[in-house]
Amino acid sequence: MHTLPLYRQLANHYLDAIRSGTLKTGERFPSIRLMMEKHAVSLSTAVQVCRELEDCGVLEARPRSGNYIRQPDAAAKAAAPPAPPLLDTSVYIGLHPPVSSVLKAGQGAAIKVNLASAYCAPSLYPLKTLQDHMSKALRRDTHLLDTEGSTCGNLALRNVLARRALSAKAQLPAEKIVITHGATEALTLALRAVTQPGDTVAVESPTFYGLLQILESLHLHVREVPATAQSGINLLALEQLLQGPERIHALIVMSNLQNPLGSIMPDANKARLVHVCAAYGTVLIEDDTYGDLVDTEQPLSTLKHWDRSDNVIHCASLNKTLAPGMRLGWISAGRWHERVEMLKHSQSRGCEVLSQLAVSAFMKTPSYERYLRRLRKTLTQQRQHMSAAITRYFPPGTSVNEPRGGTLLWVELPAHCSAMRLFHEGLKAGIQISPGDIFSNSQRFSHFVRIGCGTPYSPKIDEALATLGQLLKNQG
């Protein structure tokens, strides 16, 4: 009797055929439709077989042409870690109850150790430096607090953001940038600019629960597209969705350090994603909130870098990297700029000026890059400590992703464990986590949890993880 999922059985079948030479390098691989007919499997299973073979390095997808056998990469001879099975991307309206119940329960509990936060500890942020820049700005202009800021935001800050975008190979003209109240407002403005209530928007699955809340508030239909911690959104599943009868008005993606997976899309995938969305008339909305926390001196490319048809709306924020209390984000909407500017004015007017001046003054200096290097190094150490402790204390069968940056770990528990039960039992012990249930409207992540690593590792955190591990073992 087979214990492997059907898609992995078929993937192994084709791996054997490729390695034995029955299927040769350069040959076209059977189409999705042919696989469905030949093996009597669903669309989801056929797509996941291709995804597995791509992850193993033996299959490459060529846009508008199909899948082809390729020479296996030396580093990809072993099968990739099993990914969650593909879901049927069904439409839903509204937000599933677990998100609201989880947030409310967390707010009402006496929390001693918060492992649900995606923020860094206050001690890691350059708060004193920002306060000094604020004081200097107030001394230079005593009317800052009685002057309303412009709708698009302070030009000095927009110029800094435009220059920094160049290092990530993106063209974001300062005059086409609008400063927002964090990434939440930026994403809201992007969606309002390109959709109407009742339109359908695609998201990664799992995705940040805050995005699900935004989509609910705008009365949008949603389709979930599977994503993995290895390479992000499943492009094969996305193309199948876009080829369907329903129009997908927009797709929202975090290509660098996706929340909660921590995935980074390979450049080839980024380029293909941008091309596919443009070809099908689907607006691509990019959330680059965590881009500056990637463990590399050389910035990773954004989706905007690959945009040749002005079809990508770029959104980002400084909430996680610099100062959460300032709530500074931005949006570069390209051909939708004028509509976004109008929507911003009607929604919230301009952002507060003082914080923009302080941030722009700091980001202009070499001290900002030094600060980012220190922060990345510290976060790397904290993730390593947390990952080691989870491996040490959680029951056998637990799997932890290894993101190349950021403040988050995505943890897969043994299949019999309930993340929601762990959440509620953890609250009773004064420990807060984020159960996987709130990152999707499907039931695929009920045995996953997101753990925040923004606080320096300490005996208190170690004890909290040991407690969570024991609670899981008590589940049997």
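Student: How far apart are the mean positions of the positive and negative charges of the protein?

Tutor: This is a predicted model, and the charges are taken from its atoms. The protein carries 50 positive and 40 negative charges. The distance between their mean positions is 3 Å.

Student: How many helices and strands are there in the protein, and what is its radius of gyration?

Tutor: The protein has 15 helices and 16 strands. For 476 residues the globule rule gives 23 Å, and the protein comes close to that value, so it is as compact as a globular protein of that length. Its radius of gyration is 23 Å.

Student: What share of the contacts between residues at least 6 apart in sequence joins residues at least 24 apart?

Tutor: Of the 476 residues, 57% count as buried. Among the contacts between residues at least 6 apart in sequence, the share that joins residues at least 24 apart is 75%.

Student: Is helix α9 largely enclosed by the rest of the structure or not, and how many of its eight residues are buried?

Tutor: Helix α9 covers residues 235-242. Its buried residues are Leu235, Leu236, Ala237, Leu238, Glu239, Leu241 and Leu242. The helix is therefore largely enclosed by the rest of the structure, the number of buried residues being seven of the eight.

Student: Which residue caps the N-terminal end of α9?

Tutor: The cap involves the backbone nitrogen of leucine 236. A side-chain oxygen lies 3.1 Å from that nitrogen, and the residue supplying this oxygen is asparagine 234.

Student: Which residue is joined to proline 260 by a cis peptide bond?

Tutor: Proline 260 lies in the loop between β8 (250-253) and α10 (267-279). Omega of the cis bond is about 20°, and the residue joined to proline 260 is asparagine 259.

Student: Where is proline 206 found, and what is omega of the peptide bond from serine 205 to proline 206?

Tutor: Proline 206 is found in the loop between β5 (200-205) and α8 (209-217). The bond from serine 205 to proline 206 is cis, with omega near 10°.

Student: Is arginine 327 buried, partly exposed or exposed?

Tutor: Arginine 327 is in the loop between β10 (312-317) and β11 (328-332). Its phi is positive, about 50°, although it is not a glycine. Because its relative accessibility is 31%, arginine 327 counts as partly exposed.

Student: What is the relative accessible area of arginine 349?

Tutor: Arginine 349 lies in the loop between α11 (337-348) and α12 (353-363). Its phi is near 60°, a positive value in a residue other than glycine. Arginine 349 is partly exposed, and its relative accessible area is 39%.

Terms used:
Residues numbered from 1 in each chain as written. Predicted model: local features only at pLDDT ≥ 70, side-chain atom pairs only at ≥ 80, totals over all residues. Heavy atoms only, no water. Buried < 20%, exposed > 50% of the residue type's maximum accessible area, 1.4 Å probe, protein only. Helix = DSSP H or I, 4+ residues; strand = E, 2+ residues; numbered from the N terminus. Polar contact = N/O pair within 3.5 Å; in protein donor to acceptor, adjacent residues only side chain to side chain. Rg over C-alpha atoms; globule rule 2.2 N^0.38 Å. Contact = heavy atoms within 4.5 Å. Lys, Arg positive; Asp, Glu negative; His and termini not counted. Charge placed at Lys NZ, Arg CZ, Asp CG, Glu CD.
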